[in-house]
Amino acid sequence: GFPVPNQPVYNQPVYNQPVGAAGVPWMPAPQPPLNCPPGLEYLSQIDQILIHQQIELLEEIQAPPGVPIGYVIQTWHPCLPKFTIQNEKREDVLKISGPCVVCSCCGDVDFEIKSLDEQCVVGKISKHWTGILREAFTDADNFGIQFPLDLDVKMKAVMIGACFLIDFMF
């Protein structure tokens, strides 16, 4: 059957993963860290992720309802796009600061992920330049996200959400 609505999905199947030689799953599920929500255990092993949007006439986002793991809050600034990353308790964890001009011809646009005091850059969200035709005639973008390997998996997932927000806003 189907999962009960409004309930988290545990023990997610791995049969949809790409299969390598001899039927071995492409990436076996790692041991989840303590207090790791189901499905986020893969984020514990990465410090970078690339997001490549497909060119489609209809875009659809699906997510099962669940418990919030963090928030991305836009912070007002007269010139710069700024955001505050909060944990599930709405405590400030990190800051994101973008460039004054968020559109760029022939180059990437970087949003720096910073410590709370904004003195230390700990990562970045980059919108990658994909070429004049793709930029002009589609809304399919490519992003890269870099963050510390030891960053909490929930905050890594919130960074992916921040990437989608940045894409939507800019």
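Tutor: A salt bridge is a side-chain nitrogen of Lys or Arg within 4 Å of a carboxyl oxygen of Asp or Glu. Keep that cut-off in mind. The model here is predicted.

Student: How many salt bridges does a search of the whole structure find?

Tutor: The search finds four. We will take some of them in turn.

Student: What makes E88 and K154 a salt bridge?

Tutor: Their closest N and O atoms are 3.7 Å apart. The cut-off is within 4 Å, so the pair counts. This pair links distant parts of the chain, 66 residues apart. E88 sits in the loop between strand 3 (82–87) and strand 4 (92–97), while K154 is in helix 2.

Student: Why is K154 called buried or exposed?

Tutor: K154 has 15% relative accessibility. Buried means under 20%, so K154 counts as buried.

Student: And what is E88 called, and why?

Tutor: E88 has a relative accessible area of 34%. The limits are under 20% for buried and over 50% for exposed. The value for E88 lies in between, so E88 is partly exposed.

Student: How do you know that K124 and D110 meet in a salt bridge?

Tutor: The N to O distance is 3.9 Å. That is within 4 Å, so the pair qualifies. K124 lies in strand 6 (residues 121–128) and D110 in strand 5 (residues 109–114), so the pair ties together parts that are 14 residues apart in sequence. K124, at 28%, is partly exposed. D110, at 32%, is partly exposed.

Student: What makes E112 and K114 a salt bridge?

Tutor: Their side chains meet at 3.5 Å, N to O. The limit of 4 Å is met, so the name fits. E112 is partly exposed at 31%, whereas K114 is buried at 14%.

Student: Now the surface. Why is F168 called exposed?

Tutor: F168 has 74% relative accessibility. Exposed means over 50%, so F168 counts as exposed. F168 is found in helix 2 (residues 153–169).

Student: Which residues make the nonpolar surface patch?

Tutor: F168, M169 and F170 make the patch, of about 340 Å².

Student: How do you know that strand 2 and strand 3 pair?

Tutor: Strand 2 (residues 70–75) and strand 3 share six bridges. Pairing needs at least two, so the strands pair, in the antiparallel sense. One of the contacts joins I73 to its bridge partner T84 in strand 3. The two strands form a hairpin with six residues between them.

Technical notes. Residues are numbered from 1 along each chain as its sequence is written. This is a predicted model: local features need pLDDT of at least 70, side-chain atom pairs count only at pLDDT 80 or more; totals for chains, interfaces and linings use all residues. Side-chain values use heavy atoms; hydrogens and water are left out. Patches are made of residues with over 30% relative accessible area and no salt bridge: like charges are joined within 9 Å, nonpolar side chains (Val, Leu, Ile, Met, Phe, Trp, Tyr) within 5 Å. Accessible areas come from the Shrake-Rupley method with a 1.4 Å probe; for residues, only the protein chains shown count as cover. Helices (H or I, at least four residues) and strands (E, at least two) are DSSP runs, numbered from the N terminus. Buried means under 20% relative accessible area, exposed over 50%, partly exposed in between (1.4 Å probe, protein chains only).
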